[in-house]
Structure formats: C-alpha cells, structure tokens
Amino acid sequence: MVGELSNTPANQKQQSSLSYTVEQLVAVNPYNPDILPDIENYVNEQVSSQTYSLNANLCLLRLYQVEPERMSTQIVARILIKALMAMPAPDFSLCLFLIPERVQMEEQFKTLIVLSHYLETARFHQFWDEAAKNRHLLEAVPGFEQAIQEYAIHVLSLTYQKVPRAILAEVINIEGPSLDKFIDHHVTNSGWTVEKNQNKGSHLIVLPPTEFNHPQLKKNTEDGIPLEKIARMFPILE
C-alpha cells in the first residue's frame, strides 16, 4: 500500500498537480496505453488522499482490456473498493462490466461482488460479517467503513422517520460509547434528534424529514402534468 502523503503545502500542491495532469491525459487521449502507469499511480494517490475519480478509473480498466498482460489485480481491487464507497452511485457495476470474467472469478473479486450484492439489497448485517472476514482486503483503502456507514444511513433515511438505536447499531456496525459519539456527531451536524420510546424504554433516532420518508414533502408538480398542458391536449384528443 502506498503511504499517505503528509498535508504540507508542497505535497498538497503535488497532489493537485498530479490530479490535474492525469485528468487531462484521460480527457485528451484515453486510449493511449502510454498513460497506463500514470493512471495506476493516480489510483494509489486516490487511496492515500481519500479522493476519487471514476472517469480515470474507468479509463484504466479500458486500457487493461486492450493490454490484459499489464493488468494489476491489486489496482483493480482498489478501484472496486473505491466504487463500493461511492454507493448509491452505480460505479461498482460500471467498473465490473469492464473486468474480464476470468479475473472476476478470483477470490478477492468474488468477495467484493458478494459485498456489493449485500449493500444493494440493504443486507447490512451480512455485509459487516463478510467484511470482517476480509479486513486484509478492505483495510488497504482508508475510509471504507465510514463511507459504508454513510451509505447505510442514506438507505435508512429513504424509508424511516425514526430508527431504534439497536437497529442503527446493527446497520452501521457500531456499539457502545462509539455509537454514542456517532449519534452525537449527527445530532450536531446532520439534524438528528433522539427521543425515548416510552413503551419499550429504548431510544429512537429521529431522522431529518425528506421527500422519501415524508411523502407529503414531495411537490405535487413533480408527480403530475401541469393543468395548462392538459388543457392544450384536449383539442388534440377530440
């Protein structure tokens, strides 16, 4: 694993320059195999700096299709892990489509595909169990757990207005004081509130209202055809 760069002004400038250069190379000549090493280095830079460029990663996977003998499975694995961290965006599927089936059959990629399936189907308990068995693979990419936790919260917010503390703990795989700290952070920064369930003596996490968990917030104009357009249609239908 490439070591993390320090946050000195010189290194920050170097990272910014690298990002700009690779993005320009990808935009100008994405099928030039000579840029393959540069994009591989850029993938490692994304890992160490916790940044992300789907376009550059897709470009590298396409180059691997042209020159399969130059493929680095370690780099491909890192690309897929970063794609998982981008959920709910469909990046994982976009990347997987460019990876040969014979490569997908390798154990590390079969694991990542299973993890993707668990996330897509919101089976978070199974996801965390499987992730725990493959820490050696996932810990190579900093920020992985935090990204998945944010995705899990996103999924909860699509359906629930209130979530029992125990359910939240299972979905984000945090318990005890760490869970208290996590909740306090979101109360301060994300508009969460906590209320006590009088019947069961447990706590409920009240999530901010959205158009998904509070359908009444959705604008009616987005669901139907404006009246004036309907009026203009009647002469046509006669």
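**Secondary structure, sheet, pocket and a buried phenylalanine**

The secondary structure of the protein, described here from a predicted model, consists of 13 helices and three strands. Of its 238 residues, 39% count as buried. When contacts between residues at least 6 apart in sequence are considered, 57% of them join residues that are at least 24 apart.

The three strands form an open sheet in which the order is E1-E3-E2 and the pairing is antiparallel. Strand E1 (162-164) and strand E2 (193-197) stand at the edges of this sheet, and each has a single partner strand, so that one side of each is left without a neighbour in the sheet. From one strand to the next, the twist averages 35°. The pairing of E2 with strand E3, which covers residues 202-206, is antiparallel and is made through five bridges; within it, Val194 has Ile205 of E3 as its bridge partner. Helix H11, formed by residues 165-172, packs on the sheet and touches both E1 and E3, and the direction of the helix makes about 80° with that of E1.

A second feature of the model is its largest pocket, which holds about 180 Å³ of space. The elements that contribute two or more residues to its lining are helix H8 (124-133), helix H9 (135-138) and helix H10 (144-159), and the largest share, three residues, comes from H8. The residues that line the pocket include Trp128, Ala131, Ala132, Arg135, Leu138, Phe144 and Glu145, together with Asn173. By chemical character, the lining divides into seven nonpolar, two polar and three charged residues. In general terms, such empty space is revealed by rolling a probe the size of a water molecule over the atoms.

The surroundings of a single side chain may also be followed in some detail, and Phe92, which lies in helix H5 (residues 91-96), serves as the example. Phe92 has a relative accessibility of 4% and therefore counts as buried, given that the cut-off for a buried residue is under 20%. If residues up to four places away in sequence are not counted, Phe92 touches Leu80, Ala83, Leu84, Leu112, Ile113 and Ser116. One of these contacts, Leu80, stands twelve residues from Phe92 along the chain, and the C-alpha atoms of the two residues are separated by 6.1 Å.

Definitions and conventions: Residues numbered from 1 in each chain as written. Predicted model: local features only at pLDDT ≥ 70, side-chain atom pairs only at ≥ 80, totals over all residues. Heavy atoms only, no water. 1 Å grid on protein atoms, 1.4 Å probe; cavity = no way out; pocket = protein on both sides within 12 Å on 5 of 7 lines; lining within 4 Å. Points joined across faces, edges and corners; volume = space filled by probe spheres on them. Helix = DSSP H or I, 4+ residues; strand = E, 2+ residues; numbered from the N terminus. Nonpolar A, V, L, I, M, F, W, Y, C, P; charged D, E, K, R; others polar. Pairing = 2+ DSSP bridges. Axes fitted to C-alpha atoms, helices over the stretch in contact; angles between N-to-C directions. Contact = heavy atoms within 4.5 Å. Buried < 20%, exposed > 50% of the residue type's maximum accessible area, 1.4 Å probe, protein only.
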